[in-house]
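Visitor: Could you teach me how to read a protein structure, one feature at a time? I would like the general idea and then the case in front of us.

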Amino acid sequence: TPKPSSAASDVYKRQDAAHELRTPLAGLRLHLELLEQEGVKQGPMLVERIDQLMHVIEQLLMLSRAGQALASGHYQTLSWHDVIDPLRQEMDELLALRQQHLIVSSTTIRTVQGDAILLRLMLRNLLENASRYSPEGSTITLLVEDEETGSQVSVHDEGSGIDASMVNDAIKAFRRMDRRYGGSGLGLNIVQRIVQIHRGHLSLTNRSDRSGLKASCWLPHQLD
């Protein structure tokens, strides 16, 4: 029997860990709901944090399943419209909660190879983060452009950006900021892992034209 590759083995380990975490968290959530009903002051906040953790675990399970398929050489050839269009209504509704506006600009004629569900998850996490850190009434911009032998996908927000002293370790600074704004700090890890298994790279920089953060993912045209 052939041994699984290191990448496939890592996927199995993450999937097992995610399954093992999901069940006790569901039980804990039930207990917290009971405390909330009994009028415990911190109940709602704790239920919200558990929901956030369970959401991250669902994303990790999705990443594990799709990552396993990609590691086995199973992937799709997609246009960026195939990836973005099914997300558009959901993202418009999310941003509308804070009176924000989404602009999508795609000039690419290239396709991308990979998993459509994971690529949408990558974009969803980046857009959710951009919305969280930007003021109400601001504009979030999603740009897709051809670059060298692949595509550059960038999300521009209008928040405060990253502290200049942390630019050299922007991803660590982003995780700290995410936790400060009430996030799990794990959304970017998931984005980074999705980019890695699609053989691309992620960069975070402060915008040069105004305050805000630019999160850019470069993905190759072909995985082979």
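Visitor: Where is the place of Leu46?

Guide: Leu46 sits in helix H2, which covers residues 43-71. Helices (H or I, at least four residues) and strands (E, at least two) are DSSP runs, numbered from the N terminus. This is a predicted model, where local features need pLDDT of at least 70, side-chain atom pairs count only at pLDDT 80 or more, and totals for chains, interfaces and linings use all residues. Residues are numbered from 1 along each chain as its sequence is written, and side-chain values use heavy atoms, with hydrogens and water left out.

Visitor: What does Leu46 count as, given its relative accessibility?

Guide: Leu46 counts as partly exposed because its relative accessibility is 33%. The scale calls a residue buried under 20% relative accessible area, exposed over 50%, and partly exposed in between (1.4 Å probe, protein chains only). You can also look at distance: Leu46 and Leu35 are 11 residues apart along the chain, and their C-alpha atoms are separated by 9.9 Å.

Visitor: How many helices and strands does the chain have?

Guide: There are six helices and seven strands. Along the sequence they follow the pattern α-α-β-α-β-β-α-β-β-α-α-β-β. Of the 224 residues in the chain, 42% are buried. A contact means heavy atoms within 4.5 Å. Among the chain's contacts with a separation of 6 or more, 72% are between residues 24 or more positions apart.

Visitor: Let us try a single residue. Is Cys217 buried or exposed?

Guide: Cys217 counts as buried, because its relative accessibility is 0%. Cys217 lies in strand E7, residues 213-220. Setting aside neighbours within four places in sequence, Cys217 is in contact with nine residues you can look up in turn: Met122, Leu126, Ser151, Gln152, Val153, Val191, Val195, His201 and Leu202. Its C-alpha is 9.9 Å from that of Gln196, 21 residues away in sequence.

Visitor: And what is Thr141 in contact with, leaving aside its neighbours within four places in sequence?

Guide: Thr141 is in contact with Ile103, Ser154, Val155 and His156. Thr141 is part of strand E4, and at 17% relative accessibility it counts as buried.

Visitor: How do I describe two helices that pack together?

Guide: Two packed helices are described by the angle between their axes and the distance between the axes. Here, the axes of H4 and H6 come within 9 Å and cross at roughly 145 degrees. Axes are lines fitted to C-alpha atoms, for helices over the stretch in contact, and angles run from 0 to 180 degrees between N-to-C directions.

Visitor: Which residues of H4 and H6 make the contact?

Guide: From H4 come Leu118, Leu121, Met122, Asn125 and Leu126, and from H6 come Gly187, Ile190, Val191, Ile194, Val195 and Ile197. By class, these are nine nonpolar, two polar and no charged residues. Ala, Val, Leu, Ile, Met, Phe, Trp, Tyr, Cys and Pro count as nonpolar, Asp, Glu, Lys and Arg as charged, and the others, Gly among them, as polar.

Visitor: Which residues of helix H6 are buried?

Guide: In H6, residues 187-197, the buried ones are Gly187, Leu188, Ile190, Val191, Ile194, Val195 and Ile197. An α-helix has 3.6 residues a turn, so residues three or four places apart point the same way. H6 is followed by Arg199, which has a positive phi near 60 degrees.

Visitor: Where is Gln99, another residue with a positive phi?

Guide: Gln99 is in the loop between H3 and E2, and its phi is near 55 degrees although it is not a glycine. Gln99 counts as partly exposed because its relative accessibility is 49%. Glu148, also not a glycine, has a positive phi of about 55 degrees. Glu148 lies in the loop between strand E4 (139-147) and strand E5 (150-156), and at 67% relative accessibility it counts as exposed.

Visitor: Last topic: how do I find empty space inside?

Guide: Rolling a probe the size of a water molecule over the atoms shows where empty space is left. On a 1 Å grid over the protein atoms alone, a cavity is a set of points where a 1.4 Å probe fits but cannot get out, and lining residues have an atom within 4 Å of a point. Grid points are joined across faces, edges and corners, and a volume is the space filled by probe spheres set on the points. This structure holds two cavities of 30 Å³ or more, and the second largest has about 40 Å³ of space.

Visitor: Which residues line the second largest cavity?

Guide: Its lining is Ile84, Leu87, Arg88, Met91, Leu102, Val104, Leu123, Leu127 and Leu142. Helix H3 (80-96), strand E2 (101-106) and helix H4 (116-133) each give two or more residues, with the largest share, four residues, from H3. The classes are eight nonpolar, no polar and one charged.

Definitions and conventions: 1 Å grid on protein atoms, 1.4 Å probe; cavity = no way out; pocket = protein on both sides within 12 Å on 5 of 7 lines; lining within 4 Å.
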